[in-house]
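Could you walk me through this structure while I have it open in my viewer? I would like to know what to select next and what is there.

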Amino acid sequence: MNYQTHTCQNGLRIIHLPSSSSVIYCGIAVKAGTRHELPGEEGLAHFCEHLMFKGTRRRSAVQIINALEGVGGELNAFTNKEDTVYYAATTRRHFRQAVDVLCDIVFCSQFPEAEVEKEREVVCDEIESYEDSPAELIFDEFENLLFKGHPLGHNILGSSEQVRQYTGDDARRFTGRYYRPENCIFFVSGDADFAQLVRWCEAVETDRTVGTVGTDGTVGTIEMIGNDVQSAEPIVRHRSTHQAHVMMGSRAFAATDSRRWALFLLNNILGGPAMNSRMSLSLRERNGLVYTVESSMVSYSDTGAWSVYFGCDPHDVKRCCQLVRRELDRLCQKPLTPIQLRRAKQQLRGQLAIAADNREQFALDFAKNFLHHGTERNLDDILAHVDALTAEQLQAVACEVFASDRQLTLIYDS
């Protein structure tokens with residue numbers, strides 16, 4: 001993968017993955033997410049994401065919407081625990097316009113109070129809608145419990161009560177700390193003139209005033225979270241739902257920890273997207289107890305999480321938990337055979353190749369990698385890490401992450 005990179009005089013880093021496609025995916029990733037919120041700012045990173053589209057010195061909210069969508073392009077954004085990303089899809093003909101709009105909203109948004117007032121209610125509606133979806137809400141509450149007492153342990157949206165208190169000054173304070181060129185990257189995937197892109201980004205201006213939190217755009221050093229979770233009985237929440245919703249899991253590995261590759265493969269074996277994952281075969285195909293069962297892992301800069309989710313009839317919760325536990329114990333107690341290991345690697349290689357063909361998602365992935373680690377996302381390197389894994393390494397990681405006394409269980413019961 002022939003990436004092109006550059007660091008501008010203003011501190012903005014650029015990464016470009018050339019492609020012959022006529023569609024260009026581009027955006028700005030900002031190292032400012034939920035974990036960067038100070039006490040009392042919960043939900044502010046996400047609220048600022050919404051407000052970025054509500055007016056700059058040069059454009060009104062309507063002009064921002066029409067700037068790309070009026071020519072058939074797309075403009076969107078999302079907030080995570082460690083970053084916020086603004087991105088666009090456009091043709092090569094309108095690429096300059098996409099660059100201009102993205103830089104304008106990220107670095108020059110004005111946060112007019114009238115727009116703040118309107119968007120506050122939009123975000124509150126989003127929060128209330130989210131709280132009506134237990135299959136989504138349980139993921140947030142599970143991570144809140146897993147990282148209790150840490151900035152990672154509060155949800156991205158915040159609460160309606162908090163959001164209704166935020167003002168334009170709050171948005172200016174937060175973006176003044178983090179929405180500066182040196183704390184961002186501009187990423188591009190497509191047939192773009194890199195030299196021209198560099199000239200455009202070198203000329204980027206910003207209305208941001210430097211905040212009071214360190215010049216590196218961080219809240220300060222956050223100690224790495226250990227992997228120990230106190231063993232306890234399942235935590236049960238009673239909700240008016242037809243199904244029971246269950247999550248089990250534990251803390252796991254940071255993005256810089258080499259053990260995450262073993263967990264990556266184990267996670268795919270257990271509850272990846274394929275219908276032949278072990279938990280899908282056990283809970284759904286053989287026993288007919290669930291419609292959805294999946295496992296997932298996430299690696300943050302200093303810690304991570306692994307979990308399994310399923311929804312089932314309330315009467316089947318105990319049986320489903322036993323079946324999940326049996327699959328975890330199998331991986332802890334006995335290493336994969338050479339044939340099992342080869343098939344697992346082969347399946348994951350195919351899935352990664354297909355996923356890489358989704359250019360928009362791949363662009364978002366390599367953007368985040370470059371933002372946080374300063375390195376390009378190379379599919380060949382990922383495959384090399386997977387190919388090098390041994391059955392003994394997988395078993396050792398399984399014993400560490402899947403141990404029964406390490407699991408936290410959250411149940412939404414009807």
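## A tour of the chain

Begin with the whole chain in view: among contacts between residues at least 6 apart in sequence, 82% join residues at least 24 apart. Keep in mind as you go that this is a predicted model.

**The whole chain.** Show it as a cartoon, and you will have 15 helices and 11 strands on screen. The radius of gyration is 22 Å, close to the 22 Å that the globule rule gives for 414 residues, so the chain is as compact as a globular protein of that length. A box of roughly 60 × 50 × 40 Å, taken along the principal axes, holds the C-alpha atoms. Now switch on a surface: the chain exposes about 18,600 Å², and carbon and sulfur atoms supply 48% of that. Buried residues account for 54% of the 414 in the chain.

**The sheet.** Next, colour the strands β1 to β6. They form an open sheet with mixed pairing, in the order β1-β2-β6-β3-β5-β4. At its edges are β1 (4–7) and β4 (74–79), each of which pairs on one side only. Neighbouring strands here are turned by 15 degrees against each other on average, direction ignored.

Zoom in on the β4 edge. There, β4 pairs with β5 (residues 84–91) in the antiparallel sense, over 6 bridges. Select Leu 75 and you will find Ala 88 of β5 standing opposite. Then add helix α2 (residues 61–69), which packs on the sheet and touches β4 and β5. The direction of α2 makes about 120 degrees with that of β4.

Helix α8 (residues 194–202) is your next selection. This helix also packs on the sheet, touching β1, β2 (13–18) and β6 (184–190). Its direction makes about 25 degrees with that of β1.

**The cores.** Which residues touch the most other members of the largest nonpolar core? Select Tyr 86, Phe 186 and Leu 197: these are the ones, in a core of 68 residues. Helix α3 (residues 95–108) gives the most to this core, with 10 residues.

Stay on Phe 186 and show its surroundings. Leaving aside neighbours within four places in sequence, its contacts include Ile 14, Ile 15, Cys 26, Ile 28, Val 99, Leu 102, Leu 197 and Cys 201. For contrast, jump to a second, separate core of 46 residues, which includes Leu 270, Leu 283, Cys 321 and Leu 394.

**Phe 111.** Come back to the loop between α3 and α4, where you will find Phe 111. Is this residue, Phe 111, buried or exposed? Its relative accessible area is 1%, under the 20% cut-off, so Phe 111 is buried. Check the backbone too: most residues other than glycine have a negative phi. Phe 111 has a positive phi of about 55 degrees, although it is not a glycine.

**Ile 127.** For the last stop, follow helix α4 (residues 113–131) to Ile 127. With 2% relative accessibility, Ile 127 counts as buried. Beyond its neighbours within four places in sequence, Ile 127 is in contact with Leu 157, Gly 158, Ser 159, Ser 160 and Val 163. Draw a distance from Ile 127 to Ser 160: they are 33 residues apart along the chain, yet 6.7 Å separates their C-alpha atoms.

Definitions and conventions. Residues are numbered from 1 along each chain as its sequence is written. This is a predicted model: local features need pLDDT of at least 70, side-chain atom pairs count only at pLDDT 80 or more; totals for chains, interfaces and linings use all residues. Side-chain values use heavy atoms; hydrogens and water are left out. Two strands pair if DSSP finds at least two bridges between them. Helices (H or I, at least four residues) and strands (E, at least two) are DSSP runs, numbered from the N terminus. Axes are lines fitted to C-alpha atoms, for helices over the stretch in contact, and angles run from 0 to 180 degrees between N-to-C directions. Contact means heavy atoms within 4.5 Å. The radius of gyration is taken over C-alpha atoms; the globule rule is 2.2 Å times the number of residues to the power 0.38. Buried means under 20% relative accessible area, exposed over 50%, partly exposed in between (1.4 Å probe, protein chains only). Accessible areas come from the Shrake-Rupley method with a 1.4 Å probe; for residues, only the protein chains shown count as cover. A nonpolar core is a set of buried Ala, Val, Leu, Ile, Met, Phe, Trp, Tyr and Cys residues joined through side-chain atoms within 4.5 Å.
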